[in-house]
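Let's take a walk through this fold together, one element at a time. Please keep the structure open as you read.

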Amino acid sequence: MRLIEGIANVDGDRFEDVGELVAALGRIGDEHGVTVQAFDARYVVSERHLERAVELADRARDHGEAVARDRAVEITLYAAGRRQIDRALEMGISTGETPAVVLVDGSGDEANAGEAVRELLAPAETLGDYDERLVRAFYDIEDVELNATDADLESLVLERVALLVIDR
């Protein structure tokens, strides 16, 4: 798995809308035989967050328990800790400038796919620069929960990702 960081700019100059960017990422994935999925970096608490989402999505697909037909969407469901595709896609890229983390994973040519993805983004370090308020609201993590445990925010998000397996 490779994670490509940068700023996705969907403003009408390079990409008319989010759909154009998603289509460009899809073409890169198809060309290189990998899954490519973009996330708004403000929702991604760590590299482990996306690693765990990939592991669990692949396990669900291997056992015939996937919700989505598309692997990238299934990974997004796990990253979001949700079974509703429209709600999970809130973690995606939006119109305007979005700090992005783009996941490139698969048995194909990850290195060249990663370079092609990098060309679509303005350079920036985004991973680990999540928005705590946004993450807490998205994953429904209240003060009471944080105060009741020694776990940090990343651990609680990883728990939400893992709980999707049993939340059927």
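## Helix 1 and what it packs on

In this predicted model, the buried residues of helix 1 pack against strand 1 (2-10), strand 2 (35-40), strand 3 and helix 5. The buried residues in question are Leu21, Ala24, Leu25, Ile28, Gly29 and His32. Looking down the axis of helix 1, you will find that its buried residues fall within an arc of 140 degrees, so they line one face of the helix. Turn to the other side of helix 1 and you meet Val22, Arg27, Asp30 and Glu31, which are exposed.

How does the length of helix 1 work out? With 15 residues (18-32) at 1.5 Å a residue, helix 1 should span 21 Å, and its end C-alpha atoms are indeed 21 Å apart. Both ends of the helix are worth a look. At the N-terminal end, Asp17 acts as a cap, with a side-chain oxygen 3.1 Å from the backbone nitrogen of Gly19. After helix 1 comes Gly33, which has a positive phi, near 70 degrees.

## A view from helix 5

Ala116 belongs to helix 5 (residues 110-118). Setting aside residues up to four places away in sequence, Ala116 touches Ile28 and His32, and both of these are among the buried residues of helix 1. Ala116 can also be placed relative to Ala24: the two are 92 residues apart in sequence, with their C-alpha atoms 9.7 Å apart in space.

## The paired strands

Strand 3 (96-105) pairs with two other strands. Strand 1 and strand 3 run antiparallel and are joined by nine bridges; here Leu3 has Leu103 of strand 3 as its bridge partner. Strand 2 and strand 3 also run antiparallel, joined by six bridges, and Thr35 stands opposite Asp105 in strand 3.

How enclosed is strand 3? Seven of its ten residues are buried, so strand 3 is largely enclosed by the rest of the structure.

## Two nonpolar cores

The largest nonpolar core has 33 residues, and Phe39, Leu50, Tyr78 and Met91 are the ones that touch the most other members. At least two residues of this core come from each of helix 2 (47-62), helix 3 (71-80), strand 3 (96-105), helix 6 (132-138) and helix 8 (153-163). Helix 2 is the biggest giver, contributing six residues to this core. A separate core of 20 residues lies apart from it, and its members include Val10, Leu21, Val36 and Val102. Leu21 is already familiar as one of the buried residues of helix 1.

## Helix 8 and His49

The buried residues of helix 8 are Leu153, Leu156, Val157, Leu158, Arg160 and Val161. Helix 2, helix 3, helix 6 and helix 7 (143-147) are among the elements that cover them.

A good place to see helix 2 from the inside is His49, which lies in that helix. Is His49 buried or exposed? Its relative accessibility is 0%, so His49 counts as buried. Its side chain reaches the backbone oxygen of Ala79 at 2.8 Å. Beyond residues up to four places away in sequence, His49 touches Tyr43, Val44, Ala79, Met91, Tyr139, Val157, Leu158 and Val161. Among these contacts, Val157, Leu158 and Val161 are buried residues of helix 8, while Met91 is one of the residues that touch the most other members of the largest nonpolar core.

## Asp140, out in a loop

Finally, take a look at Asp140, found in the loop between helix 6 and helix 7. Most residues other than glycine have a negative phi. Asp140, although not a glycine, has a positive phi of about 55 degrees.

Asp140 is exposed, with a relative accessible area of 52%. Leaving out neighbours within four places in sequence, Asp140 is in contact with Arg82, Glu145 and Arg160; of these, Arg160 is one of the buried residues of helix 8. Asp140 and Asp70 are 70 residues apart in sequence, and their C-alpha atoms are 26 Å apart in space.

Technical notes
Residues are numbered from 1 along each chain as its sequence is written. This is a predicted model: local features need pLDDT of at least 70, side-chain atom pairs count only at pLDDT 80 or more; totals for chains, interfaces and linings use all residues. Side-chain values use heavy atoms; hydrogens and water are left out. Helices (H or I, at least four residues) and strands (E, at least two) are DSSP runs, numbered from the N terminus. Contact means heavy atoms within 4.5 Å. A nonpolar core is a set of buried Ala, Val, Leu, Ile, Met, Phe, Trp, Tyr and Cys residues joined through side-chain atoms within 4.5 Å. Buried means under 20% relative accessible area, exposed over 50%, partly exposed in between (1.4 Å probe, protein chains only). The expected span of a helix is 1.5 Å times one less than its number of residues. The arc is that of the directions from the helix axis to the C-beta atoms. A polar contact is a pair of N or O atoms within 3.5 Å; within protein, one must be able to donate a hydrogen and the other to accept it, and residues adjacent in sequence count only if both atoms are side-chain atoms. Two strands pair if DSSP finds at least two bridges between them.
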